[in-house]
2 protein chains.
Amino acid sequence: MDEGTGGPVEQVGPISALVPAVARAHRTLAGQLLREVGLYPGQELLLMRLWAAEPRTPGELARELGVEPPTAVKAVARLEAAGFVTRERSTDDRRVVLVSLTAAGRALREPVERIWAELERRTVGDLGADDRRRLTELLSAVARNVGDVGPDPVGP
Amino acid sequence: MDEGTGGPVEQVGPISALVPAVARAHRTLAGQLLREVGLYPGQELLLMRLWAAEPRTPGELARELGVEPPTAVKAVARLEAAGFVTRERSTDDRRVVLVSLTAAGRALREPVERIWAELERRTVGDLGADDRRRLTELLSAVARNVGDVGPDPVGP
DNA sequence: GGCATTTACATAGCCGACTAACTGATAGCC
DNA sequence: GGCTATCAGTTAGTCGGCTATGTAAATGCC
């Protein structure tokens, strides 16, 4: 656009350009690591919610992951097809679907947590504790700025 | 995971969880803003390359955007269908495709640059210049860590 | 010159994300 | 009781991203 003062042209929207680029590369890396357990990036986040509490409804999962309901429904359907979760209609309220883990789904917990530790290790690289904390704060600020209600932390 | 010291359970892979969440919300916001000119998020990045220099090949565009060739090919095909770019085979090397802008594609430049300024403004929110610089540095570091060769800056 | 290799693009198919629109069940309100 | 509104989940269709694979042209090497 125009900086008007005759200086060198600035890179456009530096942070807006960086965010998608970083996310793409991060997702690709996650995909490479997750492939060895048969998951695609994103699916592990849904499973984490189930490891934390079970059963869950697609609606809850969507809210907690910060995605729209159809996204969660599709992910659940694929995880069901892959044999990691089951679905059943609630008898209390027949609109509600209850998603539960299978034995195979539970068995994924340890390897996925190993992978996530490795992913985080590689993501932060040699950043010190200070930098990591600062980055977390700044990213959280951006998340609020762009209107993300955000995923709830998975820990208690 | 395990923190081993009996403390409260830490949120898993904080930065690895934050990056996709921020990117999703940021993309959604970009999509809302870009909709008014008939673009989907990501397409504007490709157009920016063409505004900077023309014609370009799909391969160049893919490299510069930091995506795989098929992604750029698909995007070009859609932008062509939308009437914003044209494709023609190079006569020098008939494997090469030259992507050029149409008048409609050129007309998008101003509105898109307005939108990008607005997007960046909302993304950084009330972060000061220091925070913005720091965030840019930290994100660049993460990009390198996760193996992103990254998009080249669009400015000279 | 002729054949293998590399290069540039295209295609097919998958997944995650979204919006829009539909179905079925519950809840509310006369 | 019955009609409407709301809510949960699903379906349909699109886009961006990837991997794997295919095709055509140029290059290289003998």
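Let's start at one residue: Glu113(A) sits in helix α6 of chain A, which covers residues 109–124. Helices here are DSSP runs of H or I with at least four residues, strands are runs of E with at least two, and both are numbered from the N terminus. Before we go on, keep in mind that this is a predicted model, in which local features need pLDDT of at least 70 and side-chain atom pairs count only at pLDDT 80 or more, while totals for chains, interfaces and linings use all residues. Residues are numbered from 1 along each chain as its sequence is written, and chains are lettered from A and ligands numbered from 1 in the order in which they are written.

Is Glu113(A) buried or exposed? Glu113(A) counts as partly exposed, because 17 C-beta neighbours lie inside 10 Å. The rule is that a residue is buried with 20 or more other C-beta atoms within 10 Å of its own, exposed with 12 or fewer, and partly exposed in between, with C-beta atoms placed from the backbone. Measuring tape out, in a virtual sense: the C-alpha atoms of Glu113(A) and Arg49(A) are 13 Å apart in space, while the two residues are 64 apart in sequence.

Now zoom out to chain A. Its secondary structure comes to seven helices and two strands, and from the N terminus the order is α-α-α-α-β-β-α-α-α. Of its 156 residues, 38% count as buried. Take the contacts in chain A between residues at least 6 apart in sequence: 49% of them join residues at least 24 apart. A contact means that the C-beta atoms of two residues, placed from the backbone, lie within 7 Å.

Helix α2 of chain A (residues 43–52) has seven of its 10 residues buried, so it is largely enclosed by the rest of the structure. Among those buried residues are Leu45(A), Leu46(A) and Leu47(A), and also Glu44(A). Follow the chain into the loop between α2 and α3 and you find Pro55(A). The peptide bond from Glu54(A) to Pro55(A) is cis, with omega near -5°. For background, most peptide bonds are trans. Chain B has a cis bond too, joining Glu54(B) and Pro55(B), with omega about -5°. Pro55(B) lies in the loop between α2 (43–52) and α3 of chain B.

Next comes a helix pair in chain A. The axes of α3(A) and α4(A) come within 8 Å and cross at roughly 115°. Axes are lines fitted to C-alpha atoms, for helices over the stretch in contact, and angles run from 0 to 180 degrees between N-to-C directions. This crossing is right-handed, a word used when the near helix is turned clockwise from the far one by less than a right angle, with left-handed for anticlockwise. Residues of α3(A) that take part include Leu61(A) and Leu65(A), and α4(A) brings Val73(A) and Val76(A), among others. By class, the α3(A)–α4(A) contact has eight nonpolar, two polar and no charged residues. Nonpolar here covers Ala, Val, Leu, Ile, Met, Phe, Trp, Tyr, Cys and Pro; Asp, Glu, Lys and Arg are charged; the others, Gly among them, are polar.

How do the two chains meet? Helix α7 (residues 129–145) of chain A packs against helix α7 (residues 129–145) of chain B at about 115°, with axes 10 Å apart. The two helices are therefore roughly perpendicular, a label for angles of 65 to 115 degrees (under 35 is roughly parallel, over 145 roughly antiparallel, and the rest oblique). Asp131, Arg134, Leu135 and Leu138 of α7(A) meet Asp131(B), Arg134(B), Leu135(B) and Leu138(B) of α7(B). These residues divide into four nonpolar, no polar and four charged.

Another link between the chains involves Val19(B), found in helix α1 (residues 14–35) of chain B. Val19(B) counts as buried because it has 24 C-beta neighbours inside 10 Å. Leaving aside neighbours within four places in sequence, Val19(B) is in contact with Val22(A), Ala23(A) and His26(A).

Finally, the DNA. Which residues are closest to DNA strand D? They are Thr57(A), Gly59(A), Pro70(A), Gly42(B) and Val67(B), out of 26 that surround the strand; being near means that a C-beta atom, placed from the backbone, lies within 6 Å. α4(B) gives the most to this surface, with five residues. For DNA strand C, α4(A) gives the most, with five residues.
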